[in-house]
Amino acid sequence: MYLRNDHGLEGAGGATALSFGRASPVTPLPSFLERLGEWFAHVELVPDLGADIGSRTWWRGAATCAALIAGTVALSPGFSRPLAVTAPPAMTGSDYDETRSLAITPLALGANSGRRLGATGLVKPLTDTPERPIIEATATLGSGEDFAAVLRRAGVGAPEANAVADMVAARMSLGELRPGTQFELTLGRRPDKDAPRPLEKLAFRAKFDLNIEVARNDGALQLAAMPIAIDHTPLRIQGRAGTSLYRSARAAGVPAKAVEAFIRSIASRMPISRVGADDQFDIIVEQAKAATGEVQLGKLLYAGLTGASKKLQLMRWEEDGKSQWFDPRGIGATTRGGAGMPVQGRLSSGFGMRRHPLLGYMRMHKGLDIAAPYGAPIRAAMAGVVQMAGRAGGYGNFVKLSHAGGMATGYGHMSRIAVRAGQRVSPGQVIGYVGSTGLSTGPHLHYELTKNGVPINPGKVTFESVQKLSGRDLAEFKSKFNKLMSVSSGGN
């Protein structure tokens, strides 16, 4: 027997068919459409013209592309003459109104949409557009802006705005209003379109502790001031210094300026490099807490630092408008240096024996002569108390200041004295003006320094001073310190 793979037939050989008594199967020839379909299945009419350039497949694809282009050109209506179209006639009258009522139009064209009925003779147009009975508005005070100008900008008439400004000014200074203040206004119905709307109500937060409301009652505006309760209990925050004292304090909630003041106060008593990671900081700052929930934090009041071998406590004390830091005993920071020159000028005579320019004989010159313009300000070289201020023989107008440690300074030949006996002065404070009173050959300052009554050359003295509270100041300081220590911690 022969298999299909030997002869390419569907079944076995003829002998096999005869042996089983069956006829040999006859395969019909494929039709033309079947052969054409099989050919199209194996032929690619639109090949990639970027591959096999020059092959039979490529040429077939090029011919297809050319045929498509030729067909497109042949079927085009032309490139120079326009297409003939028919435009519908423009709608007018009721047809236009009906179409417009069914269309979706933009706001600029009236925005008519939905089903609308055309107007009939029964419709009467309004002669005037109705106004809202009231208008609620909000205005903000700009930097450098006038209070009345804000009201006028919000729609209040000028006379009424000025009247309200006068009412508020009688309760508080308008200069205290901070930029950014919000004003809530209610404007009522105006009698005619030529008149501004009347102010019915005005409410705003005038200050941290004050609300103001202006309302119209029985046709007249009345002002009501509503104070806000404020709790001034200081805020105390304690924590661990960690690797960065500044960052740790800020993370605990201390304001940035208070942290900077804390570090400066600590640095005045010890190097910041000595602050260890396990040291505990203790900070108390001013706090104002309103009943409405707002909180304002102010200046640093107390700075404390506790470590394994250190304990530093400092409290702010203000005197004559200046702030200093004192420990619980009322002792301030130690200052070192020489006495500063009390006036700007030229050294005309030094300390020691000299021939007096007027008397003509040798005598001890107990200080320094500084030539300066007439009327130049003379300032205290150190903090002290005025021991004497007045006429003193050859010194002319003379001021003597007493300082700590038995030190005293004298200022002579002044044209005018600016302090009085018993007055406390601070370094750099003006105590008088350059002149030529007493035994003097011209405008200059005689400046001398003594310790326990013994004259010292002011130009060669280096000393240290410690500010220390005493008497009533010390008692008030300790009372305030004890109150601060009773404040509980409000931070971790």
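How many bridges pair β10 with strand β11, and in which sense do the two run? The close-ups below take that up first and then move on to other spots in this predicted model.

**View 1. Strands β10 and β11 sit side by side as an antiparallel pair.** Here's the reply to the opening question: five bridges hold β10 and β11 (residues 322-326) in the antiparallel sense. To find your way in, look for arginine 316, whose bridge partner in β11 is tryptophan 325. The two strands make a hairpin with two residues between them. In that hairpin you'll also meet aspartate 320, which takes a positive phi near 55 degrees.

**View 2. On β10 there is another antiparallel pairing, this time with strand β9.** Strand β9 covers residues 295-306 and β10 covers residues 311-319, and five bridges join them. Leucine 305 is a handy place to start, since its bridge partner in β10 is leucine 312. This pair is a hairpin too, with four residues between β9 and β10.

**View 3. Two loops each hold a residue with a positive phi.** Most residues other than glycine have a negative phi, so a positive one is worth a look. Aspartate 218 has a phi near 55 degrees. You'll find aspartate 218 in the loop between β4 (210-217) and β5 (220-227). Is aspartate 218 buried or exposed? With 85% relative accessibility, aspartate 218 counts as exposed. Now hop over to asparagine 452, where phi is again positive and near 55 degrees. Its loop runs between β23 (444-451) and β24 (454-456). Asparagine 452 has a relative accessibility of 61%, so it counts as exposed.

**View 4. Phenylalanine 183 and phenylalanine 204 form a tilted aromatic pair.** Searching the whole structure turns up nine aromatic pairs, and this is one of them. A pair of aromatic rings is described by the distance of the centres and the angle of the planes. For phenylalanine 183 and phenylalanine 204, those values are 4.9 Å centre to centre and 55 degrees between the planes. Phenylalanine 183 belongs to strand β2 (residues 182-187) and phenylalanine 204 to strand β3 (residues 199-207), so their pair ties together parts that are 21 residues apart in sequence. Both phenylalanine 183 and phenylalanine 204 are buried. Bring Phe147 into the picture and you have a cluster, with ring pairs linking Phe147, Phe183 and Phe204.

**View 5. Arginine 205 places its charged end over a ring.** The ring belongs to phenylalanine 208. How far is the charged end of arginine 205 from the centre of that ring? It's 5.7 Å.

**View 6. Four side chains make a nonpolar patch on the surface.** The members are Phe32, Leu33, Leu36 and Trp39, and the patch comes to about 460 Å². Take leucine 33 as your landmark: it has its place in helix α3 (residues 32-42). Leucine 33 has a relative accessible area of 65%, which means it is exposed.

**View 7. Alanine 62 and valine 46 are 16 residues apart along the chain.** How many ångströms separate their C-alpha atoms? The separation is 8.3 Å. Alanine 62 is found in helix α4, which takes in residues 56-75. Its relative accessibility is 23%, so alanine 62 counts as partly exposed.

How values were computed. Residues are numbered from 1 along each chain as its sequence is written. This is a predicted model: local features need pLDDT of at least 70, side-chain atom pairs count only at pLDDT 80 or more; totals for chains, interfaces and linings use all residues. Side-chain values use heavy atoms; hydrogens and water are left out. Two strands pair if DSSP finds at least two bridges between them. Patches are made of residues with over 30% relative accessible area and no salt bridge: like charges are joined within 9 Å, nonpolar side chains (Val, Leu, Ile, Met, Phe, Trp, Tyr) within 5 Å. Accessible areas come from the Shrake-Rupley method with a 1.4 Å probe; for residues, only the protein chains shown count as cover. Buried means under 20% relative accessible area, exposed over 50%, partly exposed in between (1.4 Å probe, protein chains only). Rings of Phe, Tyr and Trp (its six-membered ring) pair if their centres lie within 6.5 Å; planes under 30 degrees apart count as stacked, over 60 as edge-to-face and the rest as tilted. A charge sits over a ring if NZ of Lys or CZ of Arg is within 6 Å of the ring centre and within 35 degrees of the ring normal.
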